[in-house]
Amino acid sequence: MEVAHLNQKQLAARWSISEATLERWRSEGIGPKFLKLCGRVLYRQVDIETYEESCLATSTKNATAQVSAG
C-alpha cells in the first residue's frame with residue numbers, strides 16, 4: 001500500500017493559504033499531523049483528510065472551528 005504525501009507548498013495551494021500559516025500552525029500545535037523527515041515537512045493524505053473532516057460544520061451556530069485560516 002502506497003501512502004500519498006503532500007509537502008508544505010502543495011498543502012498551502014490546496015487550501016489557498018500561505019506556507020507561513022502552515023508553519024505557524026505547526027509551531028502552535030494546530031492543523032493536521034505532519035512528518036519531519038531529514039529536515040523536510042510532509043503531510044500524509046490520510047491526515048489531511050482526517051483534519052478536513054474534523055473541520056466540517058453544518059451551520060455557523062454549531063461550528064467549532066479549530067483555526068481560522070489566514
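Two residues count as in contact when heavy atoms of each come within 4.5 Å. By that yardstick, 47% of the contacts in the protein chain with a separation of 6 or more are between residues 24 or more positions apart. Keep in mind that this is a predicted model.

## The overall layout

Start with the big picture. The protein chain has three helices and three strands, and reading from the N terminus they come in the order β-α-α-β-β-α. The chain has 70 residues, and buried ones make up 26% of them.

## The core

What sits in the middle of the nonpolar packing? The largest nonpolar core has eleven residues: L6, L11, A12, W15, I17, L22, W25, V41, Y43, I48 and Y51. Four elements, α1, α2, β3 (40-44) and α3, supply at least two residues of it each. The largest share comes from α1, with three residues. As background, nonpolar side chains tend to be buried together in soluble globular proteins.

## How α1 meets α2

The first two helices are worth a look together. The axes of α1 and α2 are 8 Å apart, and the helices pack at an angle of about 110°. An angle from 65 to 115 degrees counts as roughly perpendicular, and α1 and α2 therefore fall into that class.

On the α1 side, the contact is made by Q8, K9, L11, A12 and W15, while α2 brings E19, L22, E23, W25 and R26. Sorted by character, the residues of this contact are five nonpolar, one polar and four charged. Several of these names should look familiar: L11, A12, W15, L22 and W25 also belong to the largest nonpolar core.

The loop between α1 and α2 holds S16. Its phi is near 55°, which is a positive value in a residue other than glycine. Most residues other than glycine have a negative phi. S16 is exposed, with a relative accessible area of 67%.

C38 is another case of this kind, with phi near 50°, again positive in a residue other than glycine. You'll find C38 in the loop between β2 and β3, where the residue is exposed at a relative accessible area of 84%.

## Salt bridges

How many salt bridges does a search of the whole structure find? There are three. Side chains of opposite charge can pair when their charged atoms come close. Here they are side by side:

| Pair | N to O distance |
|---|---|
| R14 and E52 | 3.0 Å |
| E28 and R24 | 4.0 Å |
| R44 and D47 | 2.7 Å |

Take the R14 and E52 pair, whose side chains meet at 3.0 Å. R14 lies in helix α1 (residues 8-15) and E52 in helix α3 (residues 45-54), so this salt bridge ties together parts that are 38 residues apart in sequence. Both partners are partly exposed: R14 has a relative accessible area of 37%, and E52 has one of 25%.

The E28 and R24 pair is a local affair within helix α2 (residues 19-28), where the two residues are four apart and separated by about one helical turn. E28 is partly exposed at 48% relative accessible area, and R24 is partly exposed too, at 35%.

That leaves R44 and D47, with 2.7 Å from N to O. Is each partner buried or partly exposed? R44 is partly exposed, with a relative accessible area of 31%, whereas D47 is buried, at 12%. The cut-off for buried is under 20%, so D47 qualifies.

## K33 and its surroundings

D47 turns up again around K33. K33 has its place in the loop between α2 and β2 (35-37), and this lysine is exposed, with a relative accessible area of 61%. Which residues does K33 touch, apart from neighbours within four places in sequence? Those contacts are with Y43 and D47. Y43 is one of the residues of the largest nonpolar core, and D47 is the salt-bridge partner of R44.

I48, also a member of that core, lies 15 residues from K33 along the chain, and the C-alpha atoms of the two are separated by 7.6 Å.

Notes
Residues numbered from 1 in each chain as written. Predicted model: local features only at pLDDT ≥ 70, side-chain atom pairs only at ≥ 80, totals over all residues. Heavy atoms only, no water. Buried < 20%, exposed > 50% of the residue type's maximum accessible area, 1.4 Å probe, protein only. Core = buried A, V, L, I, M, F, W, Y, C linked by side-chain atoms within 4.5 Å. Axes fitted to C-alpha atoms, helices over the stretch in contact; angles between N-to-C directions. Parallel < 35°, antiparallel > 145°, perpendicular 65-115°, else oblique. Nonpolar A, V, L, I, M, F, W, Y, C, P; charged D, E, K, R; others polar.
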